[in-house]
Each structure stands twice: as C-alpha cells, then as structure tokens.
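Notebook open, structure about to go on screen. I want to look up the chain contacts first, then the ligand, then a few odds and ends.

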Amino acid sequence: MLEAINLEVSYGGIAAVKGISFAVEEGEMVALIGANGAGKTSTLKALARLLPARGTIRFLGEELAALPSHGLIGRGMALVPEGRGVFARLSVAENLAMGAYSRRDHAAISADLERVHELLPRLLERRTQLAGTLSGGEQQMLALGRALMGRPRLLLLDEPSMGLAPLMVHKVFETIGAVAATGVTILLVEQNAKLALESASRGYVMEGGRITLADSAGNLLADRRVREAYLGE
Amino acid sequence: MDTFVQQIINGLTLGSIYALVALGYTMVYGILGLINFAHGEVVMIGALTALAVIKPLAGAGLPWPLAVLAGVAAAIAACMALGFVIERVAYRPLRNAPRLAPLITAIGVSMVLQQLAMIIWGRNYHSFPQLLPATPRAIGGAQITDLQIMIVAVAILMMAGLALLVNRTRLGRAMRATAENPQIAGLMGVDANHIVSLTFVIGSALAAVAGVMVSANYGIAHYNMGFILGLKAFTAAVLGGIGNLTGAMLGGILLGLIEALGAGYIGDLTGGFLGSDYQDVFAFFVLIVVLIFRPSGLMGEKVSERA
Ligand SMILES: Nc1ncnc2c1ncn2[C@@H]1O[C@H](COP(=O)(O)OP(=O)(O)OP(=O)(O)O)[C@@H](O)[C@H]1O
Ligand SMILES: [Mg+2]
C-alpha cells in the first residue's frame, strides 16, 4: 500500500533521515520505534508531504512526488501529527467536521460521525467545547476522531501516547486497535516501544536517521538489543 | 445635547466605514500574519471606479438608482480582481520570506497603486455625486440623512453576512482552521492558497463598498484618499485586536465615535486651544492608551491552549 525507497530528509543541510526504505501492506499495523531525535516524525512528515524529501514514496501505486499535502486525504492518507494539532479555537464538532472537509458524501459523513462518537463517546459529550480547552487525552481522541472523519485507508500516527497518563494511554491504544480492526492500515510511530510492538504486527527500529532493525513485532519484542535500548531491561 | 446626538450619528457612519476596511486588514493578518498596507489603496480604487461608471451611465440617461448599483457592482468586481492580483503578484512569492520583506512590498504596492490611480484619474479632487437625496431627517434634536442610514445599514448587512460565512459555513470553518494552522488544515484537504486568495477577495469587496461610502459621505474622491483612511482602519483593527473579526468591527465603530465626539468637543475641552482638525490626533491618542492597558487590543484575547 505504502512504499518508501531511499527516503532522505534534511534540515538546512543537516540530515535527519538518511535514506531509509520500508513498506506497509494493506490491513497491517506497522510500528516505527526509536529514541528521541531518531527521525521518526521527520519520516512521517515526509510521507504526508509536509517536508521536502528525496527518494521515492509510492502510495496505492501512485508516486507522491508531485502531489501537494492537501491532495493526500482525498487519496486515503491521514496523519495524526505529533502534539495532536487540534484546532484550538474551533469546537470539537467543528474539528470533526474539518476532518471530513475533503468529502461531499453527506449521508456517509453523518454515519461516520456517529461511528466516531460511538468509538470516542467523550467527543459527543464535549462537542460544543473549544478544542483548546480539552485535556491532553481528549485532544488526542479528537485528533484521532478527526482523522477518521476523512475515511482514511492509511493512518499515520505520531506518538499518540505522548504526555498521557497510563490509563489514558491504555484507552487511546484500545481505540487504535478498534480502528485497525475495521480494516484501516496503520503506521504507528511511538517511543513507548513495548506498547507499540504489542499492538503492531511488524516493526522497524530507527536510530540516527537509519532503520537498523526490521522484523515481526514478536521477534523485536524478544530481541536483546531492543529490550536493552527501548524496553529498559 | 444636539451636538452629542449629532456626533454619535456622524461617528456611527464613519465607524461603519472604518469597520468594513478594518475587516480587510484583520482577515489577512489572521491568515498570513501580514499587514497588507496596500488595502487603503483598494478602497480608493473602489471609490474612483464607482465614479467612473456612475457618471457616464447617468449621463447616458440610465435611471439614477441603476447607475449607482452598476457603479457599486463595478467597484466590487474591480477591487476583488485587484485584491486577487495583489496577493498573487506581491505576497505569494514571499510567503516564506522573512517578515520584513512582504511589509516593504506592501508599501511598494501601495505606492504603485497610488501612482497608477494618479495617471488614470489625475491629481484633482473629483466631486462625488450625491447617491441619495440629502434631505435630513430630524432625530432627537439632531439630523440624519438617508445616506447615513444607508451606510450604517449596508455595513451592518455586510458584516452580518461575513460573520455568517466565517462562523456558519464549511468554507468559513476552513478559513478559521487555516488561520490557526495551515499545515494541519492542509492535511484535512484544505488548499491554503485558495483560502488566502479568498480572504483577499472578500476583504477587497468590503473595501470597495467602503470606498463608495466614504466618497459619498464626503462628496469627494481622489487618488490619495486611501492613505489616511487605510491608516485609520488599520488603527481600528489594532484597537479591536488584530486578527479578530469582532474586534475589527468594534474597533471601527469605536474609532468613528471617538473621532466624531473628539471633533465635536475638543474645542470646548481645551478652551478653544485645539480645533476639530485635531480629531486624528485624538483617535491615535486613544489607541495608544488602549494599547498600554491592553497590548493585544480590546478583543485580542486568545483562548487558553493546553498542550
Ligand atoms: N525543523 C527542524 N529544524 C532543524 N532540525 C530539525 C527540525 N525538526 C527536526 N530536526 C532534527 O531532526 C532530527 C530528527 O527529528 P525528529 O523530530 O524526526 O525525531 P523523532 O524521532 O520524531 O524524535 P522524538 O521521539 O523526540 O519525537 C533531530 O535531530 C531534530 O533535532
Ligand atoms: Mg517525533
């Protein structure tokens, strides 16, 4: 579904992503883990065309090189960015409506809104509240719900657990699992390696802008290097 | 008492015009963080275009209301096109440049438009025809003209329309989202360039109407009229809290009232030492006082954002 070949990102001459290649198949959940500054966010931003990048990105058979960022959601790719990026001065309902901005199928949008409310009931309770006044966990839920309103086929998630209390992290991951179960393909970036690898079927480990390990989630969880570096053992 | 009511009426009229122009400044600032100093010139082009259409049409025997409507429509169309082109040519290439660059360009565009208007319309003051019968109506010991009623009513209608567009439509939602975070709005499928163009075009349409209003109100139009008016409207936008639509409306009305009341009473207040020609100073003085106590303007208060 998604394929990156020799992807490179640099900031003013300093390379952050140094020629990585990976793939995500339809229906999988793939984890991309790594320490702070490894280049995970840069990778996702390059995929979402928010950053200029070298190399090839192919999504559903189409090269993304010539496509602007705002053309992606229409093709089925959505990004939940690091730090959520909800529209603070828009209400919860308006944020969700923005998620469906690219769509015109009004009946299906209403149905999806109901589904998102079922999945994330808190959003229904808070629908008139300004998103900027939501708690961090609620904002994460909103960012996720908003992305779902675009009916993505591929969901890119950047650190959904960041800054959340354990109980909330648990809830967020439960929701992600439920989304995956509906057939949405997911590329999950996480620092919480254990949680990510327990949810995903495959994983990549990124270090210093390179992919150093690629394996099934089970094998990575059992890998000595992963356990020492990311699971604190 | 007559002076007071009269100055309130004059102030509301003037304030409505300031508010329409101030909205253009504040909308562009809200989306791009840019002060479009050429906006006052768009007002001027609006006034002169209307004049250029109304005169010959009326001269050719078209009924007066039709000629006026055609003039206003032409002014709106011309200004919308102008706003679109200004953004495309002067600002878009500098979207990622340091903040000073578009500011200097804005001043350049302003000068180019003034010179252009001078070449087309000359340096003379043109008398602007009376759009509505000037018979005053008595109200509370003061007088109000049909034109003043019309100016306030049209301004209110336009502002209500804008508020509806921005707060209640899909497009308005996209505008607010883009103003807050263009990259994220882009991920939702919003083409930020469309939104920016649209913002310029809407602001310019308001400016066109304001241009016709101000010229009709004073009975005069000339190539240089946009400068002070633009500065005042910008002041109004800052007074209300730049980037905030309600603030621009409030700031405009307030500035009009302050100016009119100031002009009406400044002579009495200073024992005749300062005349009504000091009204501009009065307006800017109030701005400074407000900014000292509320640096972000009257409405420039952001909702608290939690990480
Ligand atoms: N806008 C930027 N300008 C310059 N350097 C940047 C910029 N954004 C990221 N970098 C650098 O690129 C490298 C990779 O950053 P990136 O945000 O992709 O890491 P990450 O793996 O997402 O880290 P974290 O887990 O902390 O979010 C880092 O060294 C970072 O300092
Ligand atoms: Mg990151």
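Below are my entries in the order in which I made them.

**Ground rules.** I'm working on a predicted model, where local features need pLDDT of at least 70 and side-chain atom pairs count only at pLDDT 80 or more, while totals for chains, interfaces and linings use all residues. Residues are numbered from 1 along each chain as its sequence is written, chains are lettered from A and ligands numbered from 1 in the order in which they are written, and side-chain values use heavy atoms, with hydrogens and water left out.

**Entry 1, chain B against chain A.** I looked up contacts (heavy atoms within 4.5 Å) and found 23 residues of chain B in contact with 29 residues of chain A. The two chains bury about 2500 Å² between them, with 59% of that on carbon and sulfur atoms. Buried area here is the accessible area (1.4 Å probe) that two parts lose on being put together, summed over both. Which three residues supply the most of chain B's share? I get B:Arg170, B:Leu187 and B:Met188, which supply 29% of the area that chain B buries against chain A.

**Entry 2, polar links across the interface.** I ran the salt-bridge rule (a side-chain nitrogen of Lys or Arg within 4 Å of a carboxyl oxygen of Asp or Glu), and it finds two across this interface. One of them joins A:Arg89 and B:Glu180 at 3.9 Å, N to O. I also get five residue pairs in polar contact between the chains, both residues at pLDDT 80 or more. A polar contact is a pair of N or O atoms within 3.5 Å; within protein, one must be able to donate a hydrogen and the other to accept it, and residues adjacent in sequence count only if both atoms are side-chain atoms.

On the side of chain B that touches chain A, α6 (170–180) and α7 (182–187) each supply at least two residues. The most come from α6(B), with seven. Helices (H or I, at least four residues) and strands (E, at least two) are DSSP runs, numbered from the N terminus. By class, that side of chain B has 10 nonpolar, six polar and seven charged residues.

**Entry 3, ligand 1.** I count 13 residues around ligand 1 (a heavy atom within 4 Å of it), with A:Asn36, A:Lys40, A:Thr41, A:Ser42 and A:Glu82 the closest. Helix α1 (residues 40–47) of chain A gives the largest share of this shell, three residues.

I then checked oxygen atoms of the ligand:
- A backbone N or O atom of A:Gly37 is 2.8 Å from one.
- A side-chain N or O atom of A:Thr41 is 2.7 Å from one.
- A polar side-chain atom of A:Ser42 is 2.5 Å from one.

The protein covers 58% of the 630 Å² of accessible area (Shrake-Rupley, 1.4 Å probe) that ligand 1 has on its own.

**Entry 4, salt bridges overall.** I get 21 over all chains. A:Glu62 and A:Arg75 form one at 2.8 Å, N to O. A:Glu62 lies in β5 (residues 62–63) of chain A and A:Arg75 in the loop between β5 and β6 (77–80), so the pair ties together parts 13 residues apart in sequence.

Methods:
Nonpolar A, V, L, I, M, F, W, Y, C, P; charged D, E, K, R; others polar.
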